[in-house]
Every structure is written in structure tokens, then in C-alpha cells.
Amino acid sequence: MDKNKSKYTIPSFIIKLHAILEDLNNSLIIAWAPQGDAFIVLNPELLEQKILPQHFKHNHFTSFLRQLNMYDFQKIRNQNNQQVFWHQNFLKGKEHLLVLLKRSQNKIQQKQKLNHQCFQRFLIDEITSIKQNLNQDEQQFTHIINQHEIILQQHKQIYLDLQQQREQMEAKYEKLTGQVQAIISWQRVDSTSQFFEGCSQEEEQSEFFYSQNL
């Protein structure tokens, strides 16, 4: 198989990782193990600061570890408590084996499942939030309706009170009107009686005067 052609089947992450290890300028940060069957991360902090940003779209060591895990690299620690990563097809000087490194389908499926679960949790949280908001809105709406009913009842009571006061005022008005009319009628009768009384006295005086003259 043509070497250049097979290179295109090698995952980009593996190509970049191999290039990083082949660069001697990085040997104090990340390097091949003495036997060339694994590589050692000597300084994770400097790896984040200086190397990862040059080759990847991130500078997080945890993301780097996650990618290694996706390709089934095994992690162990040496006697110096340094992180060592091993893969049977990732060996120094045997670039032809790199084509055998593939992302684990189980890892991909797990990632997809995890993403699906995360999306489900997101939807559940969103639905729960919407339900809570709807419940709050419903409670507020119910409160407004109750307040409206209370105000409506108060208005009805005020209207009934005003109606009752109006009826009472009309009754008092009619009573007073009757009393006034009675008083006026009584005054008229009294005036008429006085008038006739005066006329009778004048007649009596006239008759007396007439009889004297005879």
C-alpha cells in the first residue's frame, strides 16, 4: 500500500500526537518512553500552555486525555508517578502501524449515548421549567380572577347599598312632601276660615249700624 495514500486513513489526532513526540523540542514536556513502546507526559501544565494550543483547538489536558481514551490508549504510572500511555499499535519508529489506530466504536456509542442523555436531561429540565412557569402564571391568573371577583362583589354590595339609600331617600322625600302638602293645605283652610270669620263680623257690624240708624 502506498505510504502517502495510507496516511490519509490515519486519524488527525494520531498524526498530531506522533508529530509532537517526534519533535525533540518537546522532550522535556512529553516524550517516548525509553523502549519506544509508550509515551510519557512529563509536565502536564506546560503541555497545556505550550504544546496543545499549537496542534489542537483546545489547551485542556483533560480533553487530551479524553481523546487518548477514545483511541483506547491505556494509562499507567511509572515509578516517578508520571502518566504513561500505551497502545499496541502506537510505537516509536513504526509509523506504518498508525493506520490501525481507530476510534473505539464503543467510545463513540458511549459518547452518543451520553450526548443523548444530556439532551434528554436538558429537555426534561426545560419542560420542568416551562411547567413551573405555567403553574406560576396559572396561580397568578387565579389570584387575579379571585381579586376581580372580590372587587366585583364589593361593587355589587356598594350598588345595593346605594340603591337602598336611594330608596330610603325617596321614601323620606315622599314623606316630607306629604307633610309639606299637609301643612300648605292646613294653612289654606285656616286662611279661608279667617276670611269667612272676618266677613261674618263685618256683616254683624253692618246690621248693628243699620239698626241703630233706623
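H18 is a good place to start: this residue is buried, with a relative accessible area of 9%, where buried means under 20%, exposed over 50% and partly exposed in between (1.4 Å probe, protein chains only). The structure is a predicted model, in which local features need pLDDT of at least 70 and side-chain atom pairs count only at pLDDT 80 or more, while totals for chains, interfaces and linings use all residues. Residues are numbered from 1 along each chain as its sequence is written, and side-chain values use heavy atoms, with hydrogens and water left out.

H18 sits in helix α2, which spans residues 12-22; helices (H or I, at least four residues) and strands (E, at least two) are DSSP runs, numbered from the N terminus. Once neighbours within four places in sequence are set aside, H18 is in contact with W32, F90, E95 and L98, contact meaning heavy atoms within 4.5 Å.

Helix α2 also matters for the next topic, the nonpolar core. A nonpolar core is a set of buried Ala, Val, Leu, Ile, Met, Phe, Trp, Tyr and Cys residues joined through side-chain atoms within 4.5 Å. The largest one here has 25 residues, and L17, I30, F39, F64, F73 and F90 are those with the most contacts inside it. At least two residues of this core come from each of α2, β1 (30-32), β2 (38-41), α3 (44-55) and α4. The largest share, five residues, is supplied by α2. In soluble globular proteins, nonpolar side chains tend to be buried together. F64 offers a closer view: leaving aside neighbours within four places in sequence, this residue is in contact with F13, L17, I30, F39, L47, L52, F56 and H58.

The strands come next. β1 and β2 pair in the antiparallel sense over three bridges, two strands being paired if DSSP finds at least two bridges between them. A31 has I40 in β2 as its bridge partner. The two strands, β1 and β2, form a hairpin with five residues between them, and in the turn G36 has a positive phi of about 75°. β2 also pairs with β4 in the antiparallel sense, over four bridges, and V41 stands opposite Q83 in β4. Along β2, the side chains alternate: A38 and I40 point one way and F39 and V41 the other way, yet all are buried.

Two residues that are not glycines have a backbone angle worth a look. D72 has a positive phi of about 65° and lies in the loop between α4 (61-70) and β3 (74-77). With a relative accessible area of 32%, D72 is partly exposed. N81 likewise has a positive phi, of about 60°, and is found in the loop between β3 and β4 (83-86). N81 is exposed, at a relative accessible area of 54%.

Finally, there are charged side chains to consider. Side chains of opposite charge can pair when their charged atoms come close. A search of the whole structure finds one salt bridge, defined as a side-chain nitrogen of Lys or Arg within 4 Å of a carboxyl oxygen of Asp or Glu. The partners are E170 and R166, whose side chains meet at 3.3 Å, N to O. Both lie in helix α5 (residues 105-213), four residues apart, about one turn of the helix. E170 counts as partly exposed at 38% relative accessibility, whereas R166 is exposed, with a relative accessible area of 51%.
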